[in-house]
Amino acid sequence: MMSCCKDSKYNLLLTFDEQQKNDLDLQQKVIVGLSEALDWSIQRSTTAVEFASDRGFCLLESSIIENISKSSVKLAQRSIPHSVKLSKK
């Protein structure tokens with residue numbers, strides 16, 4: 001990786017498409033998965049899922065790419081819909 005990009009911040013987003021916004025079974029699995037993957041409380045995970053189901057996305061983490069990559073792998077292992085984007089700030 002180029003040194004100019006090494007310290008760039010990236011955002012890890014929980015993302016739901018239109019179908020996932022209404023899938024309560026999936027949302028329940030995502031709540032448990034977030035709790036396990038990111039070591040979050042059920043309440044914090046529930047809040048993130050509720051926000052994502054309303055808006056289509058929820059910011060989970062903002063950090064350098066190495067940290068985001070580790071979190072992204074944990075979410076992928078639990079089939080949690082997410083995306084990684086370069087932070088605008």
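Reader: Start with Glu 18. Is Glu 18 buried or exposed?
Author: Glu 18 has a relative accessibility of 57%, so it counts as exposed. The cut-off for exposed is over 50%. Keep in mind that this is a predicted model.

Reader: How do I read a charged side chain of this kind? Which residue does Glu 18 meet in a salt bridge?
Author: The general idea comes first. Side chains of opposite charge can pair when their charged atoms come close. Here, Glu 18 forms a salt bridge with Lys 21, at 3.2 Å from N to O. Both sit in helix 2, residues 18–21. They are 3 residues apart, so about one helical turn separates them.

Reader: How many salt bridges are there in total?
Author: The count is 2. The other pair is Arg 78 with Glu 36, at 3.6 Å from N to O. Arg 78 is in the loop between helix 5 (65–77) and strand 3 (82–86), and Glu 36 is in helix 3 (residues 24–38), so this bridge ties together parts 42 residues apart in sequence. Arg 78 is partly exposed, at 34% relative accessible area. Glu 36 counts as exposed, at 52%.

Reader: Now the interior. Which residues touch the most other members of the largest nonpolar core?
Author: Again, the principle first. In soluble globular proteins, nonpolar side chains tend to be buried together. The largest nonpolar core here has 20 residues. Leu 14, Val 30, Leu 34, Leu 60 and Leu 75 touch the most other members. Five elements supply at least two core residues each: strand 1 (9–15), helix 3, helix 4 (42–55), strand 2 (57–64) and helix 5. Helix 3 gives the most, with 6 residues.

Reader: Take Leu 14. What does Leu 14 touch?
Author: Leave out residues up to four places away in sequence. The contacts of Leu 14 then include Val 30 and Leu 34, along with Ala 48, Val 49 and Ala 52. Phe 57, Leu 60 and Ile 80 are also among them.

Reader: How do I read a helix with two faces? Which residues of helix 4 are buried?
Author: Check the span, then the sides. Helix 4 has 14 residues and runs 20 Å from first C-alpha to last, close to the 20 Å expected. Its buried residues are Ser 45, Thr 46, Ala 48, Val 49, Ala 52 and Ser 53. They cover an arc of only 165° around the axis, so they lie on the same side of helix 4. Strand 1, helix 2, helix 3 and strand 2 are among the parts covering these residues. On the other side, Gln 43, Asp 54 and Arg 55 are exposed.

Reader: What follows helix 4?
Author: Gly 56, with a positive phi near 95°.

Reader: Which residue other than glycine has a positive phi near 55°?
Author: Ser 79 is one, with phi near 55°. Ser 79 is in the loop between helix 5 and strand 3. At 60% relative accessibility, Ser 79 counts as exposed. Asp 39 also has a positive phi, about 55°, and is not a glycine. Asp 39 lies in the loop between helix 3 and helix 4. Its relative accessibility is 70%, so Asp 39 counts as exposed.

Reader: One last residue. Is Ser 87 buried or exposed?
Author: Buried, at 18% relative accessibility. The cut-off for buried is under 20%. Ser 87 lies in the segment after strand 3. Beyond its neighbours within four places in sequence, Ser 87 contacts Lys 9, Tyr 10 and Asn 11.

Technical notes. Residues are numbered from 1 along each chain as its sequence is written. This is a predicted model: local features need pLDDT of at least 70, side-chain atom pairs count only at pLDDT 80 or more; totals for chains, interfaces and linings use all residues. Side-chain values use heavy atoms; hydrogens and water are left out. A salt bridge is a side-chain nitrogen of Lys or Arg within 4 Å of a carboxyl oxygen of Asp or Glu. Helices (H or I, at least four residues) and strands (E, at least two) are DSSP runs, numbered from the N terminus. Buried means under 20% relative accessible area, exposed over 50%, partly exposed in between (1.4 Å probe, protein chains only). A nonpolar core is a set of buried Ala, Val, Leu, Ile, Met, Phe, Trp, Tyr and Cys residues joined through side-chain atoms within 4.5 Å. Contact means heavy atoms within 4.5 Å. The expected span of a helix is 1.5 Å times one less than its number of residues. The arc is that of the directions from the helix axis to the C-beta atoms.
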